[in-house]
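Reader: I should like to learn how to read a ligand shell, a domain contact and a sheet in a model of this kind. Could we begin with the ligand?

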Amino acid sequence: MSTPSISAKVLGLGTYLPERVLTNAELQARPELDTSDEWIVRRTGIRERRLAADDQATSDLSTLAAEACLADTGVSPDAIDLIIVATVTPDMLFPATACLVQRNLAARRAAGYDLLLGCTGFVSALATAAQFITSGSFEHVLVIGADTLSRITDWTDRSTCVLFGDGAGAVLLGPGEPGEGLLSFVMSNNGEASGLLSMPAGGSRLRITPEVAAAHLDCIRMEGKELFRLAVEGIPTAAEDAMRAAGLGPDDIDMMIMHQANIRIIEAAAERFGFPPEKVAVTIDRHGNTSAASMPLALDELRAQGRLSAGDRVLLVGFGAGFALAAAVVRW
Ligand SMILES: CC(C)(COP(=O)(O)OP(=O)(O)OC[C@H]1O[C@@H](n2cnc3c(N)ncnc32)[C@H](O)[C@@H]1OP(=O)(O)O)[C@@H](O)C(=O)NCCC(=O)NCCS
């Protein structure tokens, strides 16, 4: 990546988690699932997750996170040039969720669109947003990672329904000095593996008919074991590439934030770089897998815990449906 004279700096951050907590004990209490708190904790690290209220959709979660972010920065909605919502659970296929958020925020000048890349979406949206800032095209880009996965979860499938949760996080990017903000990014897709994680129906390939819905093809389908292998193999390479592009090594990194899909994936990657637990974000125990929201939620939690300070170098690694990988180094 060449070094532009303007950098894309994180000006602020805000998040939203729905109030309703779904515990493993509640899932265990459903005999048809034949699951247990012990299995879920041991295989995934998840203890509980949040569920959106019946009247909440992704634009609502996104708006609340965006409002918190704007309050954090003191920037007014009128100053936003662009809103990118990374999600796989838009309110509907169109209009874009970003348009609904733009309306809700009364961000009158803002353009916007959705970026549908699943769990990798937040990092890819950051990299996309940064292009507009460093080119001088836009001054303020709001990047939102938000998902309401509970709406596309097959609640009869124990191999997936124990994993997911709902939430949203937003960051505002604006111009900074060289060496601030996004220092590097890498992105890749392995489309050959795209069948491993999908929602088969609801797009132009397969219409949702009663038969399709009865077969739960309008829900998340996942081959967990193979995805696990791809993630454990791919994360170190993406992370190394992002660090190298920033001219840094593992010793220069203050905090690693991975997409929160499984504690075993997080621990394997942390071990690979010799990162001690205090350098690695873990929210999966309380949030489950919130897809595009997981990394901004983790950033906010670290900041609240005093584990993220100005100037820290943060390594972000997202992975998921596609099979897509994206990593970035951000100077906080
Ligand atoms: C999904 C995941 C937790 C499953 O863990 P796993 O150790 O691979 O488990 P398996 O799928 O091999 O299943 C092992 C056994 O547990 C059973 N099992 C699956 N879900 C269960 C549950 N909720 N409760 C109890 N048993 C369960 C399986 O039926 C299987 O039983 P069998 O051996 O009798 O066939 C794990 O594969 C994973 O996290 N994958 C990566 C997910 C990911 O990264 N996604 C991309 C980003 S979104």
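Author: Certainly; please keep in mind that this is a predicted model. A shell may first be read by residue class, and here the shell around the ligand has 10 nonpolar, seven polar and three charged residues.

Reader: Which residues come nearest to the ligand?

Author: Among the 20 residues around the ligand, those that come nearest are Thr35, Gly224, Ala261, Asn262 and Gly320. One may then ask about the elements: helix H2 (37-44), helix H6 (158-161) and helix H8 (224-245) are those that give two or more residues to this shell.

Reader: Which element gives the most to the shell around the ligand?

Author: That is H8, with five residues.

Reader: From which domains does the shell around the ligand draw at least three residues?

Author: From domain 1 (7-177) and from domain 2 (183-331), with at least three residues drawn from each. These two domains are the ones given by the domain assignment of the protein chain.

Reader: How far apart do the C-alpha centres of domain 1 and domain 2 lie?

Author: The C-alpha centres of the two domains are 14 Å apart. In the contact, domain 1 takes part with 43 residues and domain 2 with 41 residues. On the side of domain 1 that touches domain 2, the elements giving two or more residues include strand S1 (7-16), helix H5 (121-134), strand S6 (141-148) and H6. By class, that side of domain 1 has 19 nonpolar, 16 polar and eight charged residues.

Reader: Let us turn to the sheet. What is the general idea?

Author: The strands of a sheet pair through backbone hydrogen bonds, in either a parallel or an antiparallel manner. In this structure, an open sheet of four strands follows the order S8-S13-S12-S11, and its pairing is mixed.

Reader: Why is one side of strand S8 (181-189) and of strand S11 (255-258) left without a neighbour in the sheet?

Author: Both S8 and S11 stand at the edges and each has a single partner strand, so one side of each lacks a neighbour in the sheet. From one strand to the next, the twist averages 10°.

Reader: In which sense do S11 and strand S12 (residues 313-320) pair?

Author: Their pairing is in the parallel sense, over four bridges. As a particular case, Met256 has Leu315 in S12 as its bridge partner.

Reader: Which strands does H5 lie across?

Author: H5 lies across S8, S12 and strand S13 (324-331), and runs at about 55° to S13. H5 is also one of the elements on the side of domain 1 that touches domain 2.

Conventions. Residues are numbered from 1 along each chain as its sequence is written. This is a predicted model: local features need pLDDT of at least 70, side-chain atom pairs count only at pLDDT 80 or more; totals for chains, interfaces and linings use all residues. A residue is near a molecule or strand if its C-beta atom, placed from the backbone, lies within 6 Å of it. Ala, Val, Leu, Ile, Met, Phe, Trp, Tyr, Cys and Pro count as nonpolar, Asp, Glu, Lys and Arg as charged, and the others, Gly among them, as polar. Domain bounds come from an automatic or database domain assignment. Two residues are in contact if their C-beta atoms, placed from the backbone, lie within 7 Å. Two strands pair if DSSP finds at least two bridges between them. Axes are lines fitted to C-alpha atoms, for helices over the stretch in contact, and angles run from 0 to 180 degrees between N-to-C directions.
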